[in-house]
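Visitor: I have a model open and want to learn to read its local features. Where do we start?

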Amino acid sequence: MERFDSSFFDTVHDRRGTGSIKYGTPPAGAPEDVIPMWVADMDFPTPPAVAEAMERAARQKIFGYTMPDESYSRLLADWYGRRMGWQIDTAWLAPIPSVLAGVSAAIRALTAPGEGVLLCQPVYYPFARIITGCGRELMVSPLRLENGRYRFDFADLEKKLQDKRCKVFLLCSPHNPVGRVWKREELAELGDLCCKYDVKIISDEIHADLVFTPNRHVPMASVSPEIAARTVTCMAPTKTFNMAGLPAAHMIIPNEELRRGVAQVCSASGQGLWGVMPLAAATAAYGRGEPWLEGLLAYLKGNLALLHESFPAGAPITALETEGTYLAWLDCRGLGLNGEELDDFFLKKAGIWLDGGTMFGAGGEGFQRLNFACPRSVLQKAIDRIKKAAGMA
């Protein structure tokens, strides 16, 4: 059996000229040797089993209509039961091409034009675009940063949830970009408020497998039957196994009425079809990719330790605690720069291409998101550049 130790993940792969958006044209003013650490796309090969399965599928030379079957659904049920303690019924599953497609379909199924969708910012920036693009009102409850750790502001959340315009709460769990893995008691308090005010929940859990011990992901729908009955969960193998370029995702919807409504919206917009390659890849990933994932998590934890050592609390740039995802949230307020100045500092002075905090909404000013899913030598090079540019070397 192949070993997925540090030697596997240490290898640097040249991805330039492959069509990768991560390594595409950087913003104006970037140096030629800029290090891209922005989009959530790992610089590691997918599990060998995934590539092998796709090669076998290619040799069949027929690429007809393809959809997940019951055997794939059982594979998913086993995965969630074993790794998260969540026992799901395969009837709850619905395939979708991407998590964002599922989020969009669920918003349109659960709300009417003009009604409100509430989320907690800073948060994954496409959410706001999807909400307003669907003709719904964007409602925001800012997260609270206390002693280097983000928390829900439950007083503000209750105020927003009881607003008659609010029909859906959009949860990011684990949270991108702040790296929180929400505890069961936090999810229970949030879910109980949604039940109290009859607000449905859409839970984006695409990073559910990328959690660092001793933390453990708790699916929102697993907290209680009452919360499950109003929750649409969107998940995928794509972030877990670094195959974001393949349209493979799924929704888990225990409530039959909600499931039927979301399915109708998906059908009306032509969503749902996968294909030969996504199915081959996803089946191999969930069936034979677990040793690779365990090796990945160990390696990422080492990268995270390097970031925390390099940017400790109290420094002009601090890497906040990351409980899950491979995205570090850097507190750069000590540099005294505004959002645009901070973007220029990292891109033009340090030569690092990051995602600026302002794009993540309320509370993002003064922060940057850094993707640390790369070989350690690349991460060290980026750290050295940033520290030199900031006078921290």
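Visitor: Does Tyr-65 count as buried or exposed, and at what relative accessibility?

Guide: First, note that this is a predicted model. Exposed means over 50% relative accessible area. Tyr-65 has 79% relative accessibility, so Tyr-65 counts as exposed. Tyr-65 sits in the loop between α2 (48-60) and α3 (70-84).

Visitor: Which residues make a nonpolar surface patch with Tyr-65?

Guide: Nonpolar side chains are joined into a patch within 5 Å. Here Met-67 and Leu-273 join Tyr-65 in a patch of about 380 Å².

Visitor: What about backbone angles? Which residue in the loop between α2 and α3 should I check?

Guide: Check Lys-61, found in that loop. Lys-61 is not a glycine, yet its phi is positive, about 65°. Its relative accessibility is 69%, so Lys-61 counts as exposed.

Visitor: Where is Asn-147, and what is its phi?

Guide: Asn-147 lies in the loop between β5 (144-146) and β6 (149-151). It is not a glycine either, and its phi is positive at about 55°. Asn-147 counts as exposed because its relative accessibility is 83%.

Visitor: Now omega. Which residue does a cis peptide bond join to Pro-177?

Guide: Asn-176, with omega of about 25°. Pro-177 is in the loop between β7 (166-172) and α7 (184-196).

Visitor: And what is omega for the cis peptide bond between Thr-213 and Pro-214?

Guide: About 10°. Pro-214 belongs to the loop between β8 (200-204) and α8 (225-228).

Conventions: Residues are numbered from 1 along each chain as its sequence is written. This is a predicted model: local features need pLDDT of at least 70, side-chain atom pairs count only at pLDDT 80 or more; totals for chains, interfaces and linings use all residues. Side-chain values use heavy atoms; hydrogens and water are left out. Patches are made of residues with over 30% relative accessible area and no salt bridge: like charges are joined within 9 Å, nonpolar side chains (Val, Leu, Ile, Met, Phe, Trp, Tyr) within 5 Å. Accessible areas come from the Shrake-Rupley method with a 1.4 Å probe; for residues, only the protein chains shown count as cover. A salt bridge is a side-chain nitrogen of Lys or Arg within 4 Å of a carboxyl oxygen of Asp or Glu. Helices (H or I, at least four residues) and strands (E, at least two) are DSSP runs, numbered from the N terminus. Buried means under 20% relative accessible area, exposed over 50%, partly exposed in between (1.4 Å probe, protein chains only).
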